[in-house]
Structure formats: structure tokens, C-alpha cells
Amino acid sequence: VSTATKIAQKKFDNCIMNASGVWCYDEKELSALDKSEAASFVTKSGTLESRKGNPKPRYFETDLGSINSMGLPNQGLEYYLNFVNKVQEQNPNKNYFVSCTGFNVQEDVLLLEEVKKSGFKGIVELNLSCPNVPGKPQTGYDFETVDMILQTVFENYEGLLGVKLPPYFDIVHFDQMAKILNKYPLTYINSVNSIGNGLYIDEEQEKVVIKPKNGFGGIGGDYIKPTALANVHAFYQRLDSRIQIIGTGGIKTGRDVFEHILCGASMVQVGTALMKEGPSIFRRLTRELEAIMRSKGYEKLSDFKGKLKYMN
Ligand SMILES: O=C(O)c1[nH]c(=O)[nH]c(=O)c1I
């Protein structure tokens, strides 16, 4: 049987979805994702109460990516749970994600209790890496706190739960974080969130381009792909195989999807490029990935997942 026929018969499970924060603020945006070729969707990170977020302009696109300091604007976790529970009922074969984030461990516990009470059957993404709430540090850079949060959360929560991590830039930090993460019954880790507190300048006006935090914001897009691939692969090398990895960062073509999977990702999420192109991007990325797999004779993701070669 020819390779092409084999691939046609064994269409790989779609593995591409949105990144939290992009095209997922309300029912309208989430419904558009659900209708698209995306494998699933994740909501904007929900907090205990709804939030307006930071003053605008708080998002800016550049040729190579984006900078954002949204400040966690969201409808509140209850809104997202109500909507996703409804959609989940209509599509039992899809696994939907609800993202949430508290400002301390007590809030994280309350959020997960709210999830449990709602009867949510999907996957929770606990965001440990929002870089844009003034005065609040990125939890993911405080290893003891991450350990304490996961310990506390898993005392009561039995559902499917993953964590959204910030990018790390130090091999010892990969070692330390992986040691902590391996202690817990995590379904997955999502690596990476934006690279926090970058600065993009309008040279002509000699000015920043977003209002919050004197122009400092999370960086996404082409700028961050090498960091994202390194984080995905570093955790792939260190985590128990029971913990899946969702790769996020710098994806805008099928090649980028392929590279994230080669580094060990089981699924990938698209942020900046989705913001630029809209939900039709999922059809394009799926086609481009299929073409690459066909050209290399791969039938399914496990044929190449994590199989990045080193120079011996
Ligand atoms: O500013 C935001 O809302 C935001 N922006 C990001 O780039 N990552 C995040 O996790 C969040 I919660």
C-alpha cells in the first residue's frame, strides 16, 4: 500500500488548538473556534470575579509577533464553565479546556472547587504565568510556591488538570521545575506562555506602543519560537511520560507545528498567528502539517514525536 494511501487511511488526530487569551474571551469567539478545524479550544483564564483588565491600547502586532499587557480581562470563571459545560454536552467526543488563575493559593483552591461544583468534565488549565497584572509576580518563577500550589490543589481536585508555564532560560531551572512537576498527577504541562516584560518601540514617535506598564508586555510570535521549542524539549527530556506536553509559542506554519511535535509536544496551541489570521488558520496549519508528514512518510504523530536528533 502506498505511503500516501496509508496516511489517508490513518488521518492523524488533529492536534492544533488556540492558546488561552486569543479568540476565547466570550461565547462568540469560543463558538467560532468550536466551528473551526481546531481540535479543541481553551477559554481565556477565568478569575473568581470578572475583570476589565488593563487600560488600552494593551495589544500590538508587529511583523515578527506581538506584545500584550491585557491584564487578565475575563468574564469570570463561572461564565466560562456555564458555556463550556453546554458545548461539552453537545460534543462529548471533544475534550474542552477551561483556563483559570487565582491571585493566591486560596483562590486557586476556590476556583477548582467551582469547577468541580459545576460538574465540568473537560480539562482545567491552571495558569501559573500571567506576566501582566501590575504588582503580581509570575507564579511560575517562584518554584517553592508552584510546589505548594500543586500540593494544595491536588489534595482535593481529582479531575484532568494541566499547568501553563512561563518560559525558562536556565538548564538548572528546567531540572528544578521538572523535579517538582513529576511529583504530581498532572495531565499535561503547557509550555510556553509569552516571554514576559518585553519592550517594543515606535522609533518614529520615539514612544512605546501599549499603555500599561510604560509599554512593557508579554512577547509572542516569531520572536519566541526558539525559546518555546527549547522549553518543550527540555521538559520532554525530564518529565515522566505520563505527563503530556502542549507546545505553545511561535507557531504560524505547518513546519512550526512539526518542530514542536519533533521536540516532544503531543498537541500545539496557536496565539499570535491566530490573532492575525483568525480561526481559518487551523485548516491551513492542518493541511501544511499533513503535507510535511506525507513528504516524510509519517502516518501518525508518534512516528516522529520527540524524535529530535542530536549531533553525536
Ligand atoms: O495579560 C494577560 O491577560 C495575559 N497575557 C499573556 O501573555 N499571558 C497570560 O497568561 C495573561 I492572563
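## Exercises on a predicted model

Lys-136 lies in the loop that joins strand S5 (123-127) to helix H5 (143-156). The model is predicted. The exercises below start from this residue.

**Exercise 1.** Decide whether Lys-136 is buried, partly exposed or exposed.

*Solution.* Take the relative accessible area of Lys-136, which is 38%. Buried means under 20%, and exposed means over 50%. The value of 38% lies in between, so Lys-136 is partly exposed.

Next, find the separation of Lys-136 and Ile-261 in space. Along the chain they are 125 residues apart. Their C-alpha atoms are separated by 32 Å.

**Exercise 2.** Place Val-42 and classify it as buried or exposed.

*Solution.* Start with the location. Val-42 sits in the loop between helix H2 (27-35) and strand S2 (59-62). Now take the accessibility. Val-42 has 0% relative accessibility, and the limit for buried is under 20%, so Val-42 counts as buried.

Then look at the surroundings. Leaving out residues up to four places away in sequence, Val-42 touches several residues, among them Met-17, Cys-24, Leu-30, Phe-97 and Gln-269. Finally, compare sequence and space for Val-42 and Trp-23. They are 19 residues apart in sequence, and their C-alpha atoms are 9.4 Å apart.

**Exercise 3.** Describe how helices H3 and H4 pack.

*Solution.* Identify the helices: H3 covers residues 77-90 and H4 covers residues 105-117. Their axes come within 10 Å and cross at roughly 25°. Angles under 35 degrees count as roughly parallel, so H3 is roughly parallel to H4. The crossing of the two helices is right-handed.

Now list the partners. From H3 come Leu-77, Glu-78 and Leu-81; from H4 come Leu-111, Glu-114 and Val-115. Sort these contact residues by type: 4 are nonpolar, none is polar and 2 are charged.

**Exercise 4.** Test whether the radius of gyration of the chain agrees with that of a compact globule.

*Solution.* First, count residues: the chain has 312. A compact globule with that many residues would have a radius of gyration near 20 Å. The chain has 19 Å, so the value agrees.

Add the dimensions. Along the principal axes, the C-alpha atoms fill a box of roughly 60 × 55 × 45 Å. Add burial: 54% of the 312 residues are buried. Add the contacts. Among those with a separation of 6 or more, 74% join residues 24 or more positions apart.

**Exercise 5.** State how many helices and strands the chain has.

*Solution.* Count each kind along the chain. There are 10 helices and 13 strands.

Notes: Residues are numbered from 1 along each chain as its sequence is written. This is a predicted model: local features need pLDDT of at least 70, side-chain atom pairs count only at pLDDT 80 or more; totals for chains, interfaces and linings use all residues. Side-chain values use heavy atoms; hydrogens and water are left out. Axes are lines fitted to C-alpha atoms, for helices over the stretch in contact, and angles run from 0 to 180 degrees between N-to-C directions. Helices (H or I, at least four residues) and strands (E, at least two) are DSSP runs, numbered from the N terminus. Angles under 35 degrees count as roughly parallel, over 145 as roughly antiparallel, 65 to 115 as roughly perpendicular and the rest as oblique. A crossing is left-handed if the near helix is turned anticlockwise from the far one by less than a right angle, and right-handed if clockwise. Contact means heavy atoms within 4.5 Å. Ala, Val, Leu, Ile, Met, Phe, Trp, Tyr, Cys and Pro count as nonpolar, Asp, Glu, Lys and Arg as charged, and the others, Gly among them, as polar. The radius of gyration is taken over C-alpha atoms; the globule rule is 2.2 Å times the number of residues to the power 0.38. Buried means under 20% relative accessible area, exposed over 50%, partly exposed in between (1.4 Å probe, protein chains only).
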